[in-house]
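Colleague: Could you walk me through how to read symmetry, helix packing and burial in a model like this one?

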2 protein chains.
Amino acid sequence: MTFKYKNVYINETATISGPYEKEGPLRRYFDKTYDDLYFGEKSWEKAEIKLVKDALVMIMKKSGINKSNIDLVIGGDLLNQITASTYGASGVGNSFIGVYGACSSSVLGLIIGANFIEGNFVSNCACLVSSHNMSSEKQFRYPTEYGAPKPSSATFTSTGAACCMLTNEKSEVRVESATLGRIIDYEQNDPNDMGRVMAPSAIDTLVKHFEETGRNPKYYDLIVTGDLGKYGKEIVKDYLLNTYEIDLGDNYNDCGVMLYDLEKQKEIKAGGSGPVCSALVVYSYIYHLMKEKKAKKVLFLATGALFSPILVYQKENINSICHAISLEVV
Amino acid sequence: MTFKYKNVYINETATISGPYEKEGPLRRYFDKTYDDLYFGEKSWEKAEIKLVKDALVMIMKKSGINKSNIDLVIGGDLLNQITASTYGASGVGNSFIGVYGACSSSVLGLIIGANFIEGNFVSNCACLVSSHNMSSEKQFRYPTEYGAPKPSSATFTSTGAACCMLTNEKSEVRVESATLGRIIDYEQNDPNDMGRVMAPSAIDTLVKHFEETGRNPKYYDLIVTGDLGKYGKEIVKDYLLNTYEIDLGDNYNDCGVMLYDLEKQKEIKAGGSGPVCSALVVYSYIYHLMKEKKAKKVLFLATGALFSPILVYQKENINSICHAISLEVV
């Protein structure tokens, strides 16, 4: 489903990053960075909650919209029962929506927020996502102390929190349209190859977006996917070209690749992932490019893998979903 | 935040119940019931997914809207990474939103769906919730084989799946308004007393709803909360009367109490809970009352406890949230 907007703008963004992200090429675009993974807290879960609180404090400071004037907070993260968002956003805003779309939660939140603003239900909305490498590893994979080796196709959950304040007040960058995706079962089941799992949903949503808007990739100065990593990115490019004759060309990149220096940061493997991965890239570097008018039309797609460890153990496939949002310089 | 609607209607509902709910007083209002908890599946998780699929098949049959004509599916459940919804809804509808509001997910889904329809983003939306007693017990509490005794304040996760199809086509019952709630931290921390944990958020949202609409409880023929159980229900009544001079009177009941015969079904303790608890009551019995014009104005509030076992172990409070939706006979 593709939606069009006339009155939805990005008011401000806030980005808080962990140490691995700080070592990457986008360091200077982040609002705040940390050198360790605890941030003074005693558990990984509380550390992630701290990041969310930091992002909310930062967005309130930058936007000048205080906690009682935020109409709606939309939060999403990977921590079971989306607790990073709900503990972090407690006491902020007049209403709260918790979303779960795995790594697609960033764009999912933006679309719900944009629809609520365009429909005149709220005048502003803080769209919030977070992830933490250690809280995710602990929950989804092996206890990190095991030091289990990973294949080169594995992605690395990014650490950080990011918030985008959408409002109905005119600003430099507006939300132009969005395509809400559907659940795709492509019979994938390797949790160490999320690029392959999620690429089919990125393809599905890209094709839908181009069909429903009558556009082609050249319409955009930049098309970025969320966190497919270096292999998933190639699948999307090749498949779109060979099956749909859609050439993404040089306009296309993936946030999981952009966030790190994959040559130097070997532990990142195929790229970053997690809800915050794409948000850290888009809300900092890409938003900066747009404000400088170096990229005027950007299509941002966030992909998510819909599964749980318990259903992987029960030999179920890993489904995926992808949502897209189009941002334009006003 | 309170929203008003002019063009949102309930097209149909579908309710699928487990065996405990079948033994309760509302049996004859359910579309389909089961006598065991496995439904022919080999795990509790797959059993819950089966319920979700049943509810979608039932809503498509009753509404005549097939899977490629459903614009949007909104799903929520308690199973980690909302997998009951995402596996159950795979292949149905043109877009999907996953929400997490614990037991408040039912009304959260309805509000997002109603806003999307009122704002002309979609023409219909299937709002879906599920829970399963055994999959929840396994995930949130003790392995059920331990037979750990529970205090009388404990609630019992209901088993079932329920779906409400909202459309922009006129029908007998419309969605009139809604109040989206905020996260409340009332310094509660007993996972065996969810009524007490969630009552403050029900009070907060009720007060907001009455303030923002200029109404009082007499406006409604019936006010129902989601799953506070018999003790939480009394807290809400007493506190509203003593602190706000709002008398809920005889118009008020709780779905967790209504779904079972608490005198006979001793294992239910203080009442039912889980996202499906309130949905099973409202989408079957209360929707029936409305179609028979025996209740013309109904306020439906769903409460949710926002926590995870891991954060309870880390001695964090249990936050809560409550969302309200007003339904009216046309």
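Modeller: Happily; we will go from the two copies to their helices and then to one residue. This is a predicted model, where local features need pLDDT of at least 70, side-chain atom pairs count only at pLDDT 80 or more, and totals for chains, interfaces and linings use all residues. Residues are numbered from 1 along each chain as its sequence is written, chains are lettered from A and ligands numbered from 1 in the order in which they are written, and side-chain values use heavy atoms, with hydrogens and water left out.

Colleague: How is chain B related to chain A?

Modeller: In general, a rotation about an axis and a shift along it relate two copies of a chain. Here a turn of 180 degrees with a shift of 0.0 Å along the axis lays chain B on chain A, with an RMSD of 0.0 Å (least-squares superposition on C-alpha atoms of residues with pLDDT of at least 70 in both). That is the relation of a two-fold axis. The copies meet through the same surface, because 100% of the interface residues of chain B are also interface residues in chain A.

Colleague: At what angle do helix 4 of chain A and helix 4 of chain B pack?

Modeller: Helices are DSSP runs of H or I, at least four residues, numbered from the N terminus. Axes are lines fitted to C-alpha atoms over the stretch in contact, with angles from 0 to 180 degrees between N-to-C directions. Helix 4 (residues 105-118) of each of chains A and B packs with its partner at about 55 degrees, the axes 9 Å apart. That makes helix 4 of chain A oblique to helix 4 of chain B (under 35 degrees is roughly parallel, over 145 roughly antiparallel, 65 to 115 roughly perpendicular, the rest oblique). I112(A), N115(A) and F116(A) meet I112(B), N115(B) and F116(B) there, where contact means heavy atoms within 4.5 Å.

Colleague: And within chain A, how do helix 6 and helix 7 cross?

Modeller: Helix 6 (residues 194-213) and helix 7 (residues 229-244) of chain A have axes that come within 9 Å and cross at roughly 45 degrees. These two helices of chain A are therefore oblique to each other. Residues in the contact include A199(A) and L206(A) of helix 6 and I235(A) and Y239(A) of helix 7.

Colleague: Is T86(B) buried or exposed?

Modeller: T86(B), in helix 3 (residues 83-88) of chain B, counts as buried at 0% relative accessibility (buried is under 20% relative accessible area, exposed over 50%, partly exposed in between, with a 1.4 Å probe and protein chains only). Beyond its neighbours within four places in sequence, T86(B) contacts I183(A), L306(A), N319(A), Q81(B) and F96(B).
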